[in-house]
Amino acid sequence: MNKFSWYEAKSVEDAVSNVTATASDILGKAPKESSVIFKAGGIDLLELMKEGLVNPTTIIGIKNIPGLNKISYDDKAGLKIGANVTLAELENHELIKEKFYALHLAVAHAGTPQIRNTATLGGNLAQRTRCWYFRSIEHQCYRKGSGTCYAQEGENEFHAIMKNNSCASVHSSSVSTALMAFNAKVQITSSNGKAKEIGMEEFFVHPEVNSKNESVLGSKDLITGIVIPPAKPGTKSYYIKQGARESHDWAIADVAVVTEMSGGKCKNVEIVLGAAAPVPMKAAEAAKMLLGKSIDEAIAKSAGEASMKGATPLAGNAYKVPIFKTIVRRAILKTI
Amino acid sequence: MDTKKIKLPFGIPGHNLGEIEREVPVTEPPAWPINEKLKHVGKPIKRYDAMAKVTGQAKFTADVQLPGMLYAKIFRSNTPNAKITSLSTTRAESLPGVYAVQVMKSDDNEFPDVKYVGQPLVGVAASSLDIAEEAIKLIDVEYKYSAFVIDVEEAQKPEAPIVHTVKIKAQTDGGDVGVTHDGSQTKGNIVGPSTGSFLGGPRGNLEAGFKEADVILEQVYRTQVHTHVPLETHGVVVDWKPGNMTVYASTQNTASVRDEMAEYFGISKSEVRVISEYTGGGFGAKHSAGVFGPMAAKLSKMTGKPVWLMLDRKEEHIAEGNRPSSIHYLKIGAKKNGTLTAIQQRSHGTAGVALGAGVGHLAQVIYECPNFATEQYDVYTHAGPGAAWRAPGNVQGAYGVEQAIDELAEKLGIDPLSYRDKIDKSEIRKIERQKGAEMFGWSRRKTPGSTAGPIKKGLGMAQSTWPKFVTLDSSAEVRLLQGGGVEIRSSVQDIGTGTKTILGQVVAEELGIPVEDVTVLIGDTYFPRGPGSGGSVVTGSITPPARNAAYKVKLELLEQVARKLKSTAANLVMEDGKIYDKADATKTISFKDALKDMRTSEITATASRSDDYGGFQQEWGLAYGDLGSVQFAEVTVDTETGFVKVDKIVAAHSCGRPINIAQVKNQINGGVIQGMSYALYEYRVMDKATGFMMNANVDQYKMPYSMEIPEIESIVIEDYGGRSSTDAYGIGEPANIASAVAIANAVYNAIGVRIYEIPMTPDKILKALKKI
């Protein structure tokens with residue numbers, strides 16, 4: 001790991017006025033070029049630095065910025081979560097468990113208890129893919145700006161099965177799967193001091209839009225928190241993650257379902273798939289099948305089938321298709 | 001040699017326990033009774049180093065810090081098949097903080113040909129690990145690249161790139177140890193066949209055997225490459241001062257590392273001292289000094305400073321050994337009544353650039369069958385070298401054989417457990433089957449695939465054998481110190497299995513003192529040579545000399561005490577911290593006072609492992625008897641997602657006289673978990689286009705964590721054979737052999753479809769169920 005200097009940010013303004021790059025901006029660059037990047041929990045950054053993929057000259061510690069570690073809820077503004085809230089704090093929050101159960105489940109299945117004690121919400125959103133070609137300093141892959149996705153013809157059992165023809169990596173944030181299902185917005189402050197809110201679907205971008213980062217985060221952007229609209233009556237949610245292991249693993253497939261029922265019929269529903277495409281995606285067709293209907297085993301099954309419409313699995317990951325169909329069905333049935 | 005006759009316990013308590021008379025050297029101690037009549041031996045004595053380990057006081061090799069110590073890092077190839085056209089270390093050498101650079105070259109000063117990604121090329125020693133890591137990035141190398149082959153099936157094709165153009169030496173610890181080929185029968189990348197195994201070769205006539213058969217089963221089984229992930233990676237700290245090289249090593253064999261270093265550098269063995277106070281695990285790949293050992297030594301010699309060279313996790317995965325893969329063909333014939341008539345085995349496996357992919361032992365010995373033949377081939381690929389891995393060859397072999405027997409039983413319409421009763425002549429496994437089946441509830445087993453609904457339960461079992469290997473070249477010294485102090489010393493190392501504790505127990509038992517009063521000093525080649533921790537030989541090899549040495553010092557002490565008590569040594573008893581005359585209890589002295597009154601400041605005795613009692617001339621490659629095991633597995637299979645979860649394992653084992661029942665059970669737990677991991681999770685992912693291992697870490701190389709661990713219950717059966725003064729044997733390898741295939745059989749019972757390849761990941765399950 002290269003040597004770097006450390007700067008402890010005192011405020012959001014302090015942080016954004018001193019930062020010069022995202023970790024993604026400096027990926028693969030030698031430590032000679034001056035670069036100042038953020039570190040929150042450091043879970044992902046440490047891995048990137050150990051592999052030599054990221055060599056910052058200065059790291060700005062943002063974990064102690066005041067005001068970014070709060071969780072609040074009211075019936076009008078909804079749920080606000082500061083970017084520095086740890087996954088453990090989210091996991092143990094009673095209101096989240098009660099009103100946003102899928103988020104609770106997603107967080108509780110991320111990493112390990114030790115990782116959740118350190119990892120932050122903001123860092124979780126900004127982390128990079130665990131695609132093993134991306135993580136290898138020896139493979140100059142599509143996600144690092146070359147035209148080659150090694151996974152297409154290579155080892156791709158954990159890779160994308162949808163929208164995967166340019167880059168088949170999948171984003172690693174399973175928390176995002178749940179956040180997108182709740183239509184969360186990401187709050188971002190830039191160096192010009194302007195704060196903005198971006199929906200999860202706009203926050204994540206497909207590799208063909210930006211091959212070098214999964215999100216819209218610019219060089220001087222800082223995630224300050226997320227906002228989830230208030231929970232509507234009759235809403236239930238569920239989340240299922242299937243990893244190679246039950247403990248401490250990335251999703252092979254994960255799904256979040258948020259269903260609003262009224263008079264026995266489905267009034268609103270969101271179904272989000274993680275680890276299916278390079279970034280989390282809504283399974284709109286599957287959701288449409290449920291709207292206005294009462295939900296039973298048969299319709300949930302059809303929605304599961306529909307969620308995989310257009311899947312283009314690679315040589316080693318066709319098995320993900322039946323897994324998705326299954327967990328989509330099971331998650332839907334858990335929300336009624 | 002003068003001999004005497006002694007009667008030893010023989011058989012299995014509660015089953016057929018009796019006595020056997022053996023003629024043994026007069027120097028041997030009297031026979032111990034069975035464990036229930038002993039004070040310390042057989043009991044769940046707490047580990048000697050438990051506190052030191054859990055409090056972080058235990059110093060492993062990586063923790064060694066010496067004054068002026070340098071840190072070394074190895075520069076490795078990043079291409080799988082190439083010739084080095086130029087290599088410059090100029091920039092690395094000029095980096096401030098770099099003390100020495102050592103380029104690997106052959107005897108005729110040539111760069112080695114690169115044969116796999118991760119091959120060591122240059123060592124750099126610097127004042128910090130950061131600088132050493134920085135320095136290796138400044139090494140400039142140019143290659144002439146060649147085509148390479150990673151896939152074991154591609155490598156067998158005539159047009160495949162050739163890995164070795166010259167013969168290479170077989171690694172003796174590489175695979176199915178025993179009768180192996182020497183690399184001379186090589187065709188392309190295919191080497192072999194090896195037609196034998198640990199215990200002899202082919203027998204009978206296959207053709208005739210198959211003619212007699214009413215049922216013939218033919219199947220191919222596949223197992224993956226499994227890399228070593230001990231908690232502590234390979235590594236050394238070498239401090240080479242003139243006339244004395246001290247090597248702190250994370251090793252399974254201090255003595256062989258000493259011998260290797262002495263031989264490599266052409267120096268006397270007494271100039272090399274190897275120390276391993278604690279070794280953080282080893283599963284077969286840590287017997288050798290490797291490349292890193294001599295590399296660190298050279299760097300130490302060049303700089304006159306101690307050099308720390310521990311490998312990182314990536315290096316451990318790619319270059320420090322793995323369990324070779326296998327593509328394992330079996331053909332088994334049986335008569336209608338189940339009698340086996342012929343077993344034919346053919347296997348191809350890759351140990352990368354090394355040899356050792358045999359799988360033959362288990363098929364050859366576990367069941368009685370008059371006609372047997374095997375052909376085992378190694379296939380070279382451009383990948384990191386294989387190494388021994390907990391029951392080399394047997395785990396792969398069992399995966400095939402024990403599924404085949406299961407399948408055969410079904411074809412014959414016999415319950416798989418009963419079928420083994422019929423064809424297995426092992427007495428110990430018969431009892432293990434009975435006791436295991438009872439504890440496990442084998443009678444709950446239903447027709448394959450018969451659970452209603454998509455989540456299916458299954459029960460399976462499998463069994464294994466492992467020879468009672470012993471290393472006769474095993475010695476220990478016991479010392480009594482005047483005024484207080486009992487020590488045992490040997491170079492044998494404790495790699496986490498609990499060797500320190502069992503040595504303490506054995507000495508304490510012999511001297512009739514508390515276990516904690518025995519100081520155990522091991523893992524140092526300045527002490528008498530102990531065995532390597534491989535082949536499950538440690539307990540069987542080192543506890544008899546430990547006891548015999550304790551017996552010798554006891555006799556000497558009793559002689560001295562006898563004079564004082566006006567008794568005779570023969571009349572004195574040493575137990576419960578006292579020495580007393582068995583005819584006159586008033587003649588007594590405490591053990592502590594006896595030590596105070598010693599004539600000399602020390603009484604010491606060294607003993608070596610005797611031949612086994614009963615005339616068994618044991619040595620590596622020759623072992624009589626059977627460390628049988630039977631394991632039962634209960635699994636849940638989600639047939640919609642393809643995921644398998646192991647719910648429960650019951651493991652029934654024997655290891656002669658168990659010395660520490662808690663540690664034996666620990667070893668069984670470890671073996672079962674490793675076997676489960678092999679069955680379901682771990683596999684090396686090689687990118688065929690670039691030759692890199694893609695999951696060389698502990699994130700994407702999947703090993704089980706807490707949530708994956710099943711309930712494990714073990715049954716340890718005391719099995720007395722009257723073979724040595726302790727009659728004890730190891731358990732490390734037996735514990736690992738049957739687990740994976742017991743799970744495979746349980747998966748079959750759950751879903752009604754057989755999976756012929758491990759790891760049984762969801763893609764394989766879903767394919768077998770025709771869901772993809």
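What percentage of the 772 residues of chain B count as buried? The answer is 58%. Keep in mind that this is a predicted model.

**Chain B as a whole**

Let's start with the overall build. Chain B contains 18 helices and 30 strands. Its C-alpha trace spans about 85 × 75 × 45 Å along the principal axes. The radius of gyration is 27 Å, and since a compact globule with 772 residues would come out near 28 Å, chain B agrees with that expectation. As for how the chain folds back on itself, take the contacts between residues at least 6 apart in sequence: 79% of these join residues at least 24 apart.

**Where the two chains touch**

Now for the contact between the chains. Chain B puts in 25 residues, and chain A puts in 21 residues. On the side of chain B that touches chain A, helix α18 (residues 762-768) of chain B gives the largest share, with three residues. By residue type, that side of chain B breaks down like this:

| Class, side of chain B that touches chain A | Number of residues |
|---|---|
| Nonpolar | twelve residues |
| Polar | seven residues |
| Charged | six residues |

**A closer look at B:K702**

One lysine is worth a stop. B:K702 sits in the loop of chain B that runs between α15 (661-680) and β30 (711-717). Is B:K702 buried or exposed? It counts as buried, because it has 22 C-beta neighbours inside 10 Å, and 20 or more is the cut-off. Once its neighbours within four places in sequence are set aside, B:K702 is in contact with A:A244 and A:R245 from chain A, plus B:Y681 and B:E682 from chain B. B:S629 lies 73 residues from B:K702 along the chain, and 27 Å separates the C-alpha atoms of the two.

**A sheet in chain A**

Over in chain A, three strands make an open sheet with parallel pairing, in the order β1-β3-β2. Why do β1 (5-8) and β2 (36-39) of chain A each have one side without a neighbour in the sheet? Both stand at the edges and have a single partner strand each, so one side of each is left free of a neighbour there. On average, neighbouring strands of this sheet are turned by 30° against each other, direction ignored.

In general, strands of a sheet pair through backbone hydrogen bonds, in either a parallel or an antiparallel way. Here, β1(A) runs parallel to strand β3 (residues 58-61) of chain A, and four bridges join the two. For A:W6, the bridge partner in β3(A) is A:I59.

Technical notes: Residues numbered from 1 in each chain as written. Chains lettered and ligands numbered in written order. Predicted model: local features only at pLDDT ≥ 70, side-chain atom pairs only at ≥ 80, totals over all residues. Contact = placed C-beta atoms within 7 Å. Nonpolar A, V, L, I, M, F, W, Y, C, P; charged D, E, K, R; others polar. Rg over C-alpha atoms; globule rule 2.2 N^0.38 Å. Buried ≥ 20, exposed ≤ 12 C-beta atoms within 10 Å, placed from the backbone. Pairing = 2+ DSSP bridges. Axes fitted to C-alpha atoms, helices over the stretch in contact; angles between N-to-C directions.
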